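Here's a quick briefing to read with the model open beside you. It goes through a few topics in turn, so feel free to skip around.

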Amino acid sequence: MDQTAQTRALIEARTQRTRWFLHDRFGMFLHWGLYAIPARGEWVRNRERISVEDYEPFFQEFNPTHFDPNQWARAAKEAGMRYAVLTAKHHDGFCLFDSALTDYKSTNTPCKRDLVREFLDAFRAQGLKVGLYYSLLDWHHPDYPHYGDLHHPMRDNPAYGNEGRNFDNYLQYLHGQVRELLTNYGKIDIMWFDFSYENMAGETWKAQELVDMARSLQPHLIIDNRLEGSGDRKGSIETETPSPFAGDFACPEQMIPPEGMTDGAGHSIPWEACITLNDNWGYCAHDHHYKSAKMIIRSLVECVSKNGNLLLNVGPDAKGEFPPEAIEILKQVGQWMRRNSDSIYGCGASGFPKPEWGRYTQQGNKLYAHIYEECMGPICLKGLAGKIDSMRLVQDGSELQPGNFWNMNGYDNDAFFTFGGSSYPLPDQQDTVVEIRLRNGETNKTE
Ligand code: GLC
């Protein structure tokens with residue numbers, strides 16, 4: 001098969017695999033592990049140059065007595081999330097699953113539980129798709145580069161030279177654990193690798209072999225793009241010739257791409273913005289800088305309006321509880337999703353230009369107006385004159401009617417409406433959603 005045909009086949013397979021993902025749009029990210037005890041974020045070992053020995057007490061102590069994965073799963077489902085991704089192993093090398101390849105695992109701590117298995121069972125029981133985050137970096141494994149590495153906690157300490165470290169041993173471990181996760185835990189929907197840097201990328205991880213193995217075990221599996229990149233280094237998924245390990249979706253981090261994400265030919269590629277609720281992925285006791293429910297709702301709408309997904313992170317504490325602020329925000333987001341999720345699931349970008357008062361999402365001939373700004377006069381639907389079959393306020397299904405307003409004459413291409421005579425206050429200050437059914441199958445969709 002020539003290169004072009006190979007690329008076409010790769011992109012077609014990616015399109016098929018990501019169909020459910022791009023429909024479901026909204027997921028929960030869960031960063032949890034030993035770092036919840038120091039409670040200063042998941043990079044605490046890197047920032048404070050903590051050795052394995054000095055980190056060991058947390059391993060000896062880890063016992064999240066309040067951990068109830070069913071409670072987590074209900075919170076995610078009630079927030080309107082359709083999938084969830086848990087850290088099976090983060091950069092500190094601690095495994096939340098009963099790996100046969102290491103003793104550095106949750107089943108050897110006082111908790112004695114296979115946390116990955118309990119997470120998968122509970123979230124599947126709530127009907128959510130499930131994914132596992134797996135760190136390519138490993139600051140515990142003796143064969144991972146220490147001194148001189150860009151990120152290792154012992155990177156500055158010559159006593160941690162790399163003589164005798166056998167990186168192939170580490171790769172056998174990495175591939176072996178991925179095989180365990182994709183063999184022993186049932187159907188996994190997403191494998192979320194993290195992350196590549198400098199020359200630690202692509203075939204340094206034996207990425208082709210890793211992806212081939214993963215796909216042979218779970219052919220439907222979707223994989224992120226961080227075997228080649230990281231949040232800002234996207235790798236070949238953004239080109240017209242993605243590599244076999246380019247991944248199925250890009251994962252911009254702590255930002256939403258201004259124009260969405262496309263390949264070299266301008267075709268939209270699958271992408272998912274991963275964003276923290278506060279400023280940390282892992283639990284951080286002093287970090288109360290939480291985003292509002294309104295900001296989360298509008299971020300989700302922005303992602304969907306640009307053909308993307310939102311993976312919203314929660315960092316549970318050392319007891320296994322969600323922070324109270326996170327619980328409250330997820331509840332508020334869920335209240336909005338319960339009434340407005342028609343404008344999210346199965347939707348994507350509209351072909352209509354972004355309106356002044358908010359954003360559009362669209363599914364077929366159903367155009368969803370997300371109205372954020374209150375308008376002085378009737379609300380303007382630019383370019384929609386003569387194109388509207390019907391309108392409904394999504395939250396309660398009530399009819400809205402585009403009207404003729406004496407003070408809006410002369411704008412013949414545009415349509416206008418109000419909420420029962422006035423356009424303010426908005427029915428929902430976070431995001432008022434109006435479904436506009438377009439006439440004659442007009443979809444005006446971008447791809
Ligand atoms: C960055 C951080 C990592 C976090 C990831 C989530 O790669 O290093 O701690 O898990 O972002 O996207």
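What follows covers the ligand site, the internal space and the cysteines.

Keep in mind that this is a predicted model. The protein buries 93% of the 310 Å² that the ligand exposes when taken alone. Elsewhere, a search of the whole structure turns up 1 cavity of 30 Å³ or more, and the disulfide count is 0.

**Ligand site**

- There are 14 residues around the ligand, and the ones that come nearest are His31, Glu42, Trp43, His90 and Asp194.
- Sorted by class, that shell is made up of 7 nonpolar, 3 polar and 4 charged residues.
- Glu42 puts a polar side-chain atom 2.8 Å from an oxygen atom of the ligand.
- Glu253 also has a side-chain N or O atom by a ligand oxygen, this time at 3.0 Å.
- For Arg226, the distance between a polar side-chain atom and an oxygen atom of the ligand is 3.2 Å.
- As for cover, the ligand alone would expose 310 Å², and 93% of that is buried by the protein.

**Internal space**

- The largest cavity holds about 70 Å³ of space.
- It is lined by 13 residues, with Asn278, Asn280, Tyr290, Gly315 and Pro323 closest to the centre.
- The lining splits into 8 nonpolar and 5 polar residues, and no charged residues take part.

**Cysteines**

- Why is Cys303 not bonded to Cys274? The two sulfurs are 10 Å apart, which is too far for a bond, even though Cys274 has the closest cysteine sulfur to that of Cys303.
- Cys303 counts as buried because its relative accessibility is 0%.
- Cys375 is in no disulfide either, and its nearest cysteine sulfur, in Cys380, lies 8.5 Å away.
- Is Cys375 buried or exposed? With a relative accessible area of 17%, Cys375 is buried, since the cut-off for that label is under 20%.

Definitions and conventions
Residues numbered from 1 in each chain as written. Predicted model: local features only at pLDDT ≥ 70, side-chain atom pairs only at ≥ 80, totals over all residues. Heavy atoms only, no water. Near = heavy atom within 4 Å. Polar contact = N/O pair within 3.5 Å; in protein donor to acceptor, adjacent residues only side chain to side chain. Areas by Shrake-Rupley, 256 points an atom, 1.4 Å probe, with all protein chains shown as cover. Nonpolar A, V, L, I, M, F, W, Y, C, P; charged D, E, K, R; others polar. 1 Å grid on protein atoms, 1.4 Å probe; cavity = no way out; pocket = protein on both sides within 12 Å on 5 of 7 lines; lining within 4 Å. Points joined across faces, edges and corners; volume = space filled by probe spheres on them. Disulfide = S-S within 2.5 Å. Buried < 20%, exposed > 50% of the residue type's maximum accessible area, 1.4 Å probe, protein only.
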